[in-house]
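Visitor: I am new here, and I would like a close look at one part: the aromatic rings. Please walk me through them slowly.

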Amino acid sequence: MAGTGIFTEILDGEVYKYYSDGEWRTSSSGKSVAIVNPATRKTQYKVQACTQEEVNKVMEMAKSAQKSWAKTPLWKRAELLHKAAAILKDNKAPIAESLVKEIAKPAKDSVTEVVRSGDLISYCAEEGVRILGEGKFLLSDSFPGNERTKYCLTSKIPLGVVLAIPPFNYPVNLAVSKIAPALIAGNSLVLKPPTQGAVSCLHMVYCFHLAGFPKGLISCITGKGSEIGDFLTMHPAVNCISFTGGDTGISISKKAGMIPLQMELGGKDACIVLEDADLDLVASNIIKGGFSYSGQRCTAVKVVLVIESVADELVEKVKAKVAKLTVGPPEENCDITAVVSESSANFIEGLVMDAKEKGATFCQEYKREGNLIWPLLLDNVRPDMRIAWEEPFGPVLPVLRISSVEEGINHCNASNFGLQGCVFTKDINKAMLISDAMETGTVQINSAPARGPDHFPFQGLKDSGIGSQGVTNSINLMTKVKTTVINLPTPSYSMG
Ligand code: G3H
């Protein structure tokens, strides 16, 4: 159970402690933040409401711990990461349990998230050892006007303190996707978990604590965004921000100083379906892509753009599969579970009502109980409906019928988002042309959008983000290039 067994130390009465300077602490604020279980709508957990002074302390420790961490051999950093990964995987059950209770992720998927996170940490340790152990050697005489008098050596050095802010939908996985690259590259790490997901994050951080990382190198500070959010993101000690979430990222980017930013801020991933597509394959991918974790994924299929001639057949196939989705508690592994909060459910309902008023075809009856919304396919959606453009982050999927591929591409490119998209066709030549025309960070051919495998590059265009993720790109983003130039008094050429 969460907060028991090896995790007893992180709980103070009924409030989870925060992590600073290698110790589990209770905030001097005397206040806590309640985490509401999305399914029961009752308070499930409480975490510390940390103060700005506590943020200052964490930053001070992070700055000083980073200096010695940067001098720790790469193989030793990797060894500790492998250890943390193993501890995390060994404790998947209590961590998955808190995911179920805090974010209503189905039990099976919660376990998968923890295991995937352990694998990501290990992969990152291995990749770091490879790519950070190599640099470049350049010779001056390749540039016009130069003799071979300069030898340039490049290596990658850490940025300093990395601030990681993961979202509620993958609080563990999208935290470690920031923590592991930061640490292997020699940075220190301050984690600000989302409110829903904070307890899962604290358990995950405890696994790093048990692995034996130096004091102050990793911290986890909980609290209200309104009190410590801006203070954290504008803190002068922060040298890099890695954020996943909504459009808060846009305001963070406007306020952050001259530091590297890695941001993923959502998407409206289009699924373009051509006449020659395998419609059974498309239907399965629409179900997986549109309704996994109740549509609460940045990479969910969020609009289907289907050629009119095959639209009826596709909609029938998807409808038949929607009818088989189970709806209910995450503990029972239902496909569709409560969305994260009442405000999120209200927002989704607003989009549904707008589509209803404007004449969309409801393939199922709209049904909602509390935060639980039954899966809904909306056919004959038109561009004047909000659902054609906005991200519901819920189990509601619009279908727009198109008369040409160009119409589909134009709809996709008119979005302010540009995360991923997908195209279904048996013609690889057409697929490549469409992929090149779609203004998104990734295009999947004959499969639903997805971030993984976690070593693949993952990036959004336009309002979907800045910088690229994936293990290798994250390590690179969290380092800077350092060069040393050896100047020779006379040209020196190596002879054969
Ligand atoms: O929600 C945003 C995530 O980056 C999506 O990850 O494609 O593995 O579900 P996923």
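Guide: Happily! Rings of Phe, Tyr and Trp (its six-membered ring) count as a pair if their centres lie within 6.5 Å; planes under 30 degrees apart are called stacked, those over 60 edge-to-face and the rest tilted. With that in hand, look at Phe7, Tyr19, Trp24 and Tyr206, which ring pairs link into a cluster.

Two notes before going on. The model is predicted, so local features need pLDDT of at least 70 and side-chain atom pairs count only at pLDDT 80 or more, while totals for chains, interfaces and linings use all residues. Residues are numbered from 1 along each chain as its sequence is written, and side-chain values use heavy atoms, with hydrogens and water left out.

Across the whole structure, a search finds eight aromatic pairs. One of them joins Tyr16 and Tyr45: the ring centres are 5.8 Å apart and the planes stand at 90°, so this pair is edge-to-face. Tyr16 belongs to strand β2 (residues 15-16) and Tyr45 to strand β6 (residues 43-48), so the pair ties together parts that are 29 residues apart in sequence. Helices (H or I, at least four residues) and strands (E, at least two) are DSSP runs numbered from the N terminus. Tyr16 and Tyr45 are both buried, a word kept for residues under 20% relative accessible area (exposed is over 50%, partly exposed is in between; 1.4 Å probe, protein chains only).

Now move to Phe168 and Phe393, another edge-to-face pair, with 6.0 Å from centre to centre and 70° between the planes. Phe168 sits in the loop between β9 (161-165) and α5 (173-184), and Phe393 in the loop between β19 (376-379) and β20 (396-402), so these rings tie together parts that are 225 residues apart in sequence. Phe168 is buried at a relative accessible area of 19%, and Phe393 is buried at 16%.

Rings can also have a charge over them, meaning that NZ of Lys or CZ of Arg is within 6 Å of the ring centre and within 35 degrees of the ring normal. Lys367 lies over the face of Trp374, 4.1 Å from the ring centre. Arg451 does so over Tyr170, at 5.0 Å from the centre of that ring.

An aromatic residue also turns up around Glu264, where an unreviewed UniProt entry places the feature "active site". Positions from UniProt follow the numbering used here, with feature names shortened, and annotations may be inferred rather than shown by experiment. Glu264 lies in strand β13 (residues 261-264) and is buried, with a relative accessible area of 2%. Beyond its neighbours within four places in sequence, Glu264 is in contact (heavy atoms within 4.5 Å) with residues including Phe243, Cys298, Phe458 and Gln469.

Finally, step back to the whole chain. The chain has 14 helices and 28 strands. Its radius of gyration is 24 Å, close to the 23 Å that the globule rule gives for 496 residues, so the chain is as compact as a globular protein of that length; the radius is taken over C-alpha atoms, and the rule is 2.2 Å times the number of residues to the power 0.38. Of the 496 residues, 57% count as buried. Among contacts between residues at least 6 apart in sequence, 71% join residues at least 24 apart.
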